[in-house]
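Good morning, everyone, and thank you for making room for me today. I would like to walk you slowly through one protein chain, starting with its sheet and then turning to a few single residues.

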Amino acid sequence: MVAVDNLSLQLYTVRYKLEEDFDATLARIAEIGYTKVEPFGLVNLAGKLADALPKYGLSAPSTHAGLLREDSGPIFEAAKQLGIGTVIDPHTDPARWQSVDEIKAIAEGLNAAAKEGAEHGITVGYHNHHFELESVIDGVHALEILADNLSDEVILEVDTYWAAVGGADVPALLGRLGDRVKALHVKDGDGTLDNKAQVAVGDGTIAVNDILAAAPTALRVVELDDFTGEIFDAVEGSFRWLTGQDQA
C-alpha cells in the first residue's frame, strides 16, 4: 500500500483535460485524493500552475523538462518559483544509446545540468523509456551504463513500465541502481509499445507490487501515456489500487 504523501500524478496523463479546463482538471485530481503532481511543459505552464496548485492543495516535488535540449535557465527559474525541488529530463534521442561514448556524453550533459541546478537549490534527474533498457552493451543495460557515469548528485526516475517493455527484470534493475532511484513512474498495461493498451495500475500484467517493494522509499508517480476510455477512470482507479482502497 502506498501512502498518499508518497504518491504523485504525472500531468501529461491528463494533458487533453488540461487543454479543455486547466483549473477543473487540477480540482478533479485533488478531489480523487492526490496531493502531489508532476508537471510537464514547465516554462509554458508555470503561471497557471502558480495559481492553481495552492488553490487545490497540490504541490509539485518534481517536474519534467528538457534540460539537455532547451535553455536550462528559464526551467530552473520556473521550478524555483513553484517550489519544485527536482527537475527531470524526460527524453533523449534513442540513437544515442547504442554506444558507450554517446551514453557517457549524455551523462556529462546531466552532470553539468546538475551543477547548474545546485546553484538554484534544485536536483537534476533522468527518466527512461524502453530504449535505454533494450540497448544492452557487453551484457549491461544502457541505463545502467549511464548510472555508472553520473555524478552522485544526479537522480533517476525509473519508468518501470517502459523498463519492463525494454526487457529488464525491473525489481532486479531497481536493486542494482539502489538509492539513486528517487522516483518511479508507475503504470500498467499489456507490456507492449502500444500506449493505448495502458490501463489503471493494478489492471494490467506488470508486477507492480514487486516493483514497488524493490524501491520502497522512491516517490510513486502514476502515469498513463494514453488510454482508450475516460482518463479520470484510470487516474482514480490507479489511486484507489495503490492506496489499498481496492485491495481490502
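Let me begin with the sheet, an open one in which eight strands follow the order S2-S1-S10-S9-S8-S5-S4-S3, with parallel pairing. At its edges stand strand S2 (37-38) and strand S3 (62-64), each with a single partner strand, so one side of each is left without a neighbour in the sheet. When I say that two strands pair, I mean that DSSP finds at least two bridges between them, and helices (H or I, at least four residues) and strands (E, at least two) are DSSP runs, numbered from the N terminus. As a general reminder, strands of a sheet pair through backbone hydrogen bonds, either parallel or antiparallel.

Before going further, I should say that this is a predicted model, in which local features need pLDDT of at least 70 and side-chain atom pairs count only at pLDDT 80 or more, while totals for chains, interfaces and linings use all residues. Residues are numbered from 1 along each chain as its sequence is written, and side-chain values use heavy atoms, with hydrogens and water left out.

Now to the chain as a whole, which has 11 helices and 10 strands. Its C-alpha trace spans about 45 × 40 × 30 Å along the principal axes. For 248 residues, a compact globule would have a radius of gyration near 18 Å, and the chain, at 17 Å, agrees with that; the radius is taken over C-alpha atoms, and the globule rule is 2.2 Å times the number of residues to the power 0.38. Of these 248 residues, 54% count as buried, where buried means under 20% relative accessible area, exposed over 50%, and partly exposed in between, using a 1.4 Å probe and protein chains only. If we take contacts between residues at least 6 apart in sequence, 74% join residues at least 24 apart, a contact being heavy atoms within 4.5 Å.

Let us return to the sheet and look at strand S5. Why can we call strand S5 (residues 123-127) largely enclosed by the rest of the structure? The reason is that four of its five residues are buried. On one hand, strand S4 (residues 86-89) runs parallel to S5 and is joined to it by four bridges, with Ile88 standing opposite Gly125. On the other hand, S5 pairs with strand S8 (residues 155-159), again in the parallel sense, over three bridges.

One residue of S5 deserves a closer look, namely Tyr126, which is buried with a relative accessible area of 0%. Its bridge partner in S8 is Leu156. Leaving aside neighbours within four places in sequence, Tyr126 is in contact with a list of residues that includes Ile88, Trp97, Leu110 and Ile155. Tyr126 and Ala65, though 61 residues apart in sequence, are 9.9 Å apart in space, C-alpha to C-alpha.

Next, is Thr25, in helix H2 (residues 22-32), buried or exposed? Thr25 is buried, with a relative accessible area of 3%, and beyond its neighbours within four places in sequence it is in contact with Val14, Lys17, Leu18 and Phe232.

Finally, please find Asp138, in the loop between strand S6 (136-137) and strand S7 (140-141). Asp138 is exposed, with a relative accessible area of 78%, and it has a positive phi of about 50° although it is not a glycine.
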